[in-house]
Amino acid sequence: MAAIKVPNLEAVLAEDMSQRAARHLIQPWSAAGRIGAESRTLVADGEGIYIRDAAGKRLIDGPAGMWCVNVGHRRAELAEVMRDQAMALSYNTPWYTMSEPSIALSEQLAQYGPGDLNHVFYTTGGSSAVETALRFAQFYNNVRGRPEKKLILSRGGAYHGSTYLSASLNGKPRGRGWMDGADQLVVRLSSPNPFHRPDGVTIEAFSDFLVGEFRDTVAGVGADKIAAFVGEPVQASGGVIVPPENYLPRIARICRDNDILYISDEVVTAFGRLGHVFASADVFGVEPDMITFAKGVTSGYFPLGGVMMSDRLFEDLRKSNQPDAMFAHGLTYSSHPIGCAVALKNLELLNGGILDHVRAVAPYFQEQLKTLEELPIVGEVRGLGLMACIECVADHESKNPLTLDTEVGKRIDAHCQELGLLVRPLINMCVMSPPLIITRDQIDDMVAILRQGIERTQEDLQREGLWRS
Ligand SMILES: Cc1ncc(COP(=O)(O)O)c(C=O)c1O
């Protein structure tokens with residue numbers, strides 16, 4: 001590995017970054033008492049699966065940034081393509097021009113899109129992708145003469161973004177308490193979380209319950225009022241919730257039978273996290289009407305997202321008698337030429353062995369993490385592909401996180417950072433989704449640090465009288 005340069009280490013040491021950040025930088029997801037006055041771990045640079053903090057300490061990037069640095073940090077190929085594209089054409093307006101990279105990328109994505117998902121609308125990230133899909137669903141029903149068909153089905157544990165409409169769908173605990181949303185548009189369903197299914201209920205019976213709830217909701221609310229179902233194939237920020245087998249195809253069938261659009265939110269699961277470009281069909285056997293994506297499409301090197309849309313939707317629009325109805329929706333940075341050029345190169349890297357690597361190494365990743373279930377505070381380790389979650393519980397009977405210490409994830413992260421691993425803490429959970437190039441040896445390192453971090457957390461909690469094994 002080439003020596004990692006820290007160009008601004010001296011400057012970092014000279015200046016008090018924390019204080020400067022606290023004075024001027026507003027962090028996302030910040031509490032009222034701290035907003036506008038908070039600083040966080042300063043990341044100086046990265047290479048491969050590692051990042052370095054300002055003090056020069058090397059950490060495994062456990063969450064790959066935010067589920068996004070899929071091909072790893074400091075890929076010269078991506079930096080070069082970004083520079084070359086900026087020198088050739090740094091920007092063009094999508095309102096009345098187009099660029100070659102955006103056309104080439106759309107053509108390639110259409111080849112990977114399941115079924116007839118042959119069209120792409122580009123956005124600036126995941127929230128704007130979900131927002132676009134929802135606004136398109138509304139437009140679609142308006143144009144078809146069904147303006148009352150507007151409700152959106154979403155589930156507990158969901159995370160779909162931070163714009164108004166996408167955030168209205170969120171079902172994560174604590175995600176919405178103090179925020180407004182378009183609640184009148186959303187119908188909420190249960191989270192497909194097998195770990196928290198009722199006692200004594202088999203996974204098959206739980207799956208039947210979820211499908212029954214979906215069918216009953218459609219019947220009760222009326223399919224003529226429901227525009228779309230939005231779901232992540234694996235609920236990511238909700239704690240890597242892998243749904244029961246065959247549940248998603250059953251939901252998709254109900255949607256198709258009831259003229260409800262199935263929007264698969266693959267902002268996390270696409271571009272290799274589960275070993276495929278898109279996971280909906282390849283992993284779950286579902287052909288959605290739209291797929292939203294972002295993050296891994298550029299491995300986080302450039303903000304880009306998008307929506308894959310099915311031919312059928314456009315044919316339906318053309319069949320309507322509203323040919324002049326305008327889809328009045330667009331973003332200045334839709335189809336950004338630099339983003340699309342980076343995405344093309346990123347796709348080449350993924351296809352050049354990384355997708356194969358994920359499929360080969362994922363079982364080892366899951367098996368090794370699963371060994372952490374030996375630790376008494378760990379209730380479950382679950383996951384798929386290269387995404388996993390360690391859920392801590394107060395006790396194995398109640399599976400209750402709240403009588404524990406709700407910040408247990410943060411405690412584990414703090415210990416792991418000391419030991420050389422950055423973790424994504426989520427209340428009582430730790431999410432792991434490293435860069436897809438992680439090797440078996442690096443997985444061993446990651447799991448060893450996690451084990452130690454969790455053991456130290458157990459000792460702290462015991463000492464403070466917050467938990468007993
Ligand atoms: C499934 C899913 N959808 C949408 C989003 C929102 O994406 P962004 O933060 O790029 O707007 C996220 C972000 O984590 C996500 O996990």
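# Briefing: strands, spaces and a few odd residues

Strands β1 and β2 (residues 50–53) run antiparallel to each other, paired over four bridges. This is a predicted model, so read everything below as computed from that prediction. Besides the β1/β2 pair, the notes below take in a buried strand, β7, whose six residues are all covered by the six-of-six count, one cavity of 30 Å³ or more, and a second largest pocket of about 560 Å³.**The mixed sheet**

- β1 and β2 belong to an open sheet of four strands, ordered β1-β2-β3-β13, and the pairing in this sheet is mixed.
- The edge positions go to β1 (43–47) and β13 (421–422); each has a single partner strand, so one side of each is left without a neighbour in the sheet.
- For a landmark in the β1/β2 pairing, look at D45, which stands opposite R52 in β2.
- As a reminder, strands of a sheet pair through backbone hydrogen bonds, in either the parallel or the antiparallel sense.

**Around β7**

- Strand β7 (residues 226–231) is mostly covered, with six of its six residues buried.
- Which strands pair with β7? One is β5 (residues 151–155), in the parallel sense over three bridges, and another is β8 (residues 261–265), also parallel, over four bridges.
- F229 is a handy residue to click on here: F229 in β7 is the bridge partner of L153, and the bridge partner of F229 in β8 is Y262.
- Between β7 and β8 you can trace a right-handed β-α-β unit, with helix α9 (residues 247–257) as its helix.

**The cavity**

- Rolling a probe the size of a water molecule over the atoms shows where empty space is left.
- How many cavities of 30 Å³ or more does a search of the whole structure find? The search finds one, and the volume of the largest cavity is about 40 Å³.
- Its lining is made up of R155, L189, S190, L210, E213, F214, Y247 and I251.
- Both α8 (203–221) and α9 put at least two residues into that lining, and α8 gives the most, with three.
- By class, the lining of the largest cavity splits into five nonpolar residues, one polar and two charged.

**The second largest pocket, and S334**

- The second largest pocket, at about 560 Å³, has 25 lining residues; those nearest its centre are P94, V120, F121, Y122 and S335.
- Elements giving two or more residues to this lining are α5 (100–112), β4 (117–123) and β10 (305–310).
- Of the elements, β4 has the largest share of the lining, with five residues.
- The lining residues of this pocket come out as 13 nonpolar, eleven polar and one charged.
- S334 sits in the loop between α11 (311–319) and α12 (337–370).
- Is S334 buried or exposed? With a relative accessibility of 6%, S334 counts as buried, because the cut-off for buried is under 20%.
- Once neighbours within four places in sequence are set aside, the contacts of S334 are P94, F121 and Y122. Those three names also appear among the residues nearest the centre of the second largest pocket.

**N351 in helix α12**

- N351 is a residue of helix α12.
- Its relative accessible area of 36% makes N351 partly exposed.
- Where the chain comes back toward N351, pick out G272: the two residues are 79 apart along the chain, and their C-alpha atoms are separated by 9.2 Å.

**Positive phi in helix α3**

- Two residues of helix α3 (residues 64–67) deserve a look for their backbone angles, A64 and W67.
- A64 has a phi near 50°, a positive value in a residue other than glycine.
- W67 isn't a glycine either, yet its phi is positive, at about 60°.
- How accessible are they? A64 has a relative accessible area of 0% and is buried, while W67, at 3%, counts as buried too.

Definitions and conventions:
Residues are numbered from 1 along each chain as its sequence is written. This is a predicted model: local features need pLDDT of at least 70, side-chain atom pairs count only at pLDDT 80 or more; totals for chains, interfaces and linings use all residues. Side-chain values use heavy atoms; hydrogens and water are left out. Buried means under 20% relative accessible area, exposed over 50%, partly exposed in between (1.4 Å probe, protein chains only). Two strands pair if DSSP finds at least two bridges between them. A crossover is right-handed if, with the strands pointing away from the viewer, the path from the first strand over the helix to the second runs clockwise. On a 1 Å grid over the protein atoms alone, a cavity is a set of points where a 1.4 Å probe fits but cannot get out, and a pocket is an open set with protein on both sides within 12 Å along at least five of seven lines; lining residues have an atom within 4 Å of a point. Grid points are joined across faces, edges and corners, and a volume is the space filled by probe spheres set on the points. Ala, Val, Leu, Ile, Met, Phe, Trp, Tyr, Cys and Pro count as nonpolar, Asp, Glu, Lys and Arg as charged, and the others, Gly among them, as polar. Contact means heavy atoms within 4.5 Å.
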